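Please take a moment to look over the sequence and the fold before reading on. The paragraphs below go through the strands, then the interior, and then the spaces inside and at the surface.

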Amino acid sequence: MKVEVNSQALADAVAWTTRVIDARPATPILAGIRLEAIDGTLQLSAFNYAISARHHIEAGVDETGSVLVLGKLLADITKSLPAAKTYLSTDGSTMTITSGKSTFTMQLMPESEYPDLPVVPTKLGQVDSPTFAQAVNQASVAVSREENRPVLTGIRVQFQGDKVIMSSTDRFRLARSSFTWTPDATISTTALVRGSLLRDMARSLDEHQNVTIDFDADNPSLLGFENAGRVSTSQLIDGEFPAVDRLYADEYPIHAVINKQALIDAIKRVSLVAERNAPIRMVFSGQELTLSAGTADEAQAKEILDIDMDGEDITVAFNPSYLVDGLSAISEPFVRMKMTTAVKPVEFNGQQEADSDESMDYRYLLVPMRFNN
């Protein structure tokens, strides 16, 4: 193999592809990244049995061929290359990387031992990147970190005709986002995808290119994502996502509309005196919200905000971090809190104006904490 590539393009492609390589791979061969020079491109791929990544960049190919080298080491080398052009060439059991006056030599890994990457499923539909990224960021708010409960580390993706609904829960809260997209066919199916993969994908999207989602409903074990020449596949999580739909109330008798940023700022200030895992209290009375935290024999804080409220007075208490997480994911400048009782889940929705209807594109549900008066 002998190729010439743009140094920055190579560094970016290697960094994106090698992100799926585990810090401690299941087998040593999975520490590798496969490079193939063919048809004027350098194609890159990596795999860890659960997630695969494929990318390609333009290249001047003098000699075709393919090699396997240590992925993380190649990523460290390529991000430090000094010149605009990089030359890759193989000779026997080594690959030489030349850029400007710098030269690196890497040992080749046995390519014959590298597993075949999964076949990318057929195209299901597409959506613009900003819409997809926002939906993933909103839905991933409640993804659990409990690795012993894999279904809670995932995001449930429901495809319902031209609508996609993403949901996550860690049992204390529920985050749900929805968007319209362009499906290739009328379909109704569900997939449970790793939340970490979707978050990682959303961070690295080319926002000028659409996201294509690939899925075979007849063999529902793999979901694929394509964007700007980058292709990822992920094994789906095996298990039943909790029955969370019933947690949303049919009617909420108490509504309060609040300036979102003012509320976030107030929560952060008041929670400075709250002990770890202690709740902050929210007292809704008339057209005012009083936030408070702390105890009588320790530090205390209180702040009052003007609100637009409809319904009876109510006092609820929340984990302040969970509150800020959910509110920060709302894209609109106002938030509507919808409540039933002091102990039942509270729904948060964004709205564009103080007196407009709430948006149902993002629904954040948070279970109140019990507190002492």
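Ser292 stands opposite Lys302 in strand 22, where a strand is a DSSP run of E with at least two residues, a helix is a DSSP run of H or I with at least four, and both are numbered from the N terminus. The model is a predicted one, in which local features need pLDDT of at least 70 and side-chain atom pairs count only at pLDDT 80 or more, while totals for chains, interfaces and linings use all residues. Residues are numbered from 1 along each chain as its sequence is written, and side-chain values use heavy atoms, with hydrogens and water left out.

The pair just named belongs to strand 21 and strand 22 (residues 300-306), which run antiparallel and are joined over seven bridges; two strands are said to pair if DSSP finds at least two bridges between them. Between strand 21 and strand 22 there is a hairpin connection of five residues. Strand 21 also pairs with strand 20 (residues 280-285), again in the antiparallel sense, through five bridges, and here Ser292 appears once more, as the bridge partner of Arg281. The hairpin of strand 20 and strand 21 has two residues between the strands, and Gly286 in that turn has a positive phi of about 60°. Strand 21 (residues 288-294) is largely enclosed by the rest of the structure, because six of its seven residues are buried, a word that here means under 20% relative accessible area, with exposed meaning over 50% and partly exposed in between (1.4 Å probe, protein chains only).

Another hairpin can be found earlier in the chain, where strand 8 (residues 94-99) and strand 9 (residues 102-107) pair in the antiparallel sense over six bridges. Thr96 has Thr105 in strand 9 as its bridge partner, and in the turn, which has two residues between the strands, Gly100 takes a positive phi near 60°.

A further set of nine strands forms an open sheet with antiparallel pairing, in the order 6-2-3-4-18-17-16-10-14. Its edges are strand 6 (65-70) and strand 14 (182-183), each of which pairs on one side only. Within this sheet, strand 4 (residues 51-58) is joined to strand 18 by four antiparallel bridges, and Ala53 stands opposite Ser232 in strand 18. In a regular strand the side chains alternate between the two faces of the sheet.

Strand 17 contains Gly224, and this glycine counts as buried because its relative accessible area is 0%. Leaving aside residues up to four places away in sequence, Gly224 touches Pro121, Thr212, Ile213, Asp214, Ser232 and Thr233, where a contact means heavy atoms within 4.5 Å. The C-alpha atom of Gly224 is separated by 31 Å from that of Phe348, which lies 124 residues apart from it along the chain.

The interior can be described through its nonpolar cores, each being a set of buried Ala, Val, Leu, Ile, Met, Phe, Trp, Tyr and Cys residues joined through side-chain atoms within 4.5 Å. The largest core has 42 residues, and the members that touch the most others are Phe132, Phe159, Met166 and Leu223. Helix 3 (residues 129-139) gives the most to this core, with five residues. A second, separate core of 38 residues includes Val141, Ile280, Leu291 and Ala301. Among the residues that Met166 touches, not counting those up to four places away in sequence, are Phe132, Ala135, Val136, Ile155 and Phe179.

How much space lies in the largest cavity? The answer is about 60 Å³, and its lining includes Trp16, Met201, Phe225 and Ser232. A cavity is a set of points on a 1 Å grid over the protein atoms alone where a 1.4 Å probe fits but cannot get out, whereas a pocket is an open set with protein on both sides within 12 Å along at least five of seven lines, and lining residues have an atom within 4 Å of a point. Grid points are joined across faces, edges and corners, and a volume is the space filled by probe spheres set on the points. Strand 17 gives the most to the cavity lining, with three residues.

The largest pocket has a volume of about 620 Å³. It is lined by 24 residues, of which Glu147, Gly195, Ser196, Leu197 and Arg199 are the closest to its centre, and helix 4 (residues 195-203) gives the most to this lining, with six residues.
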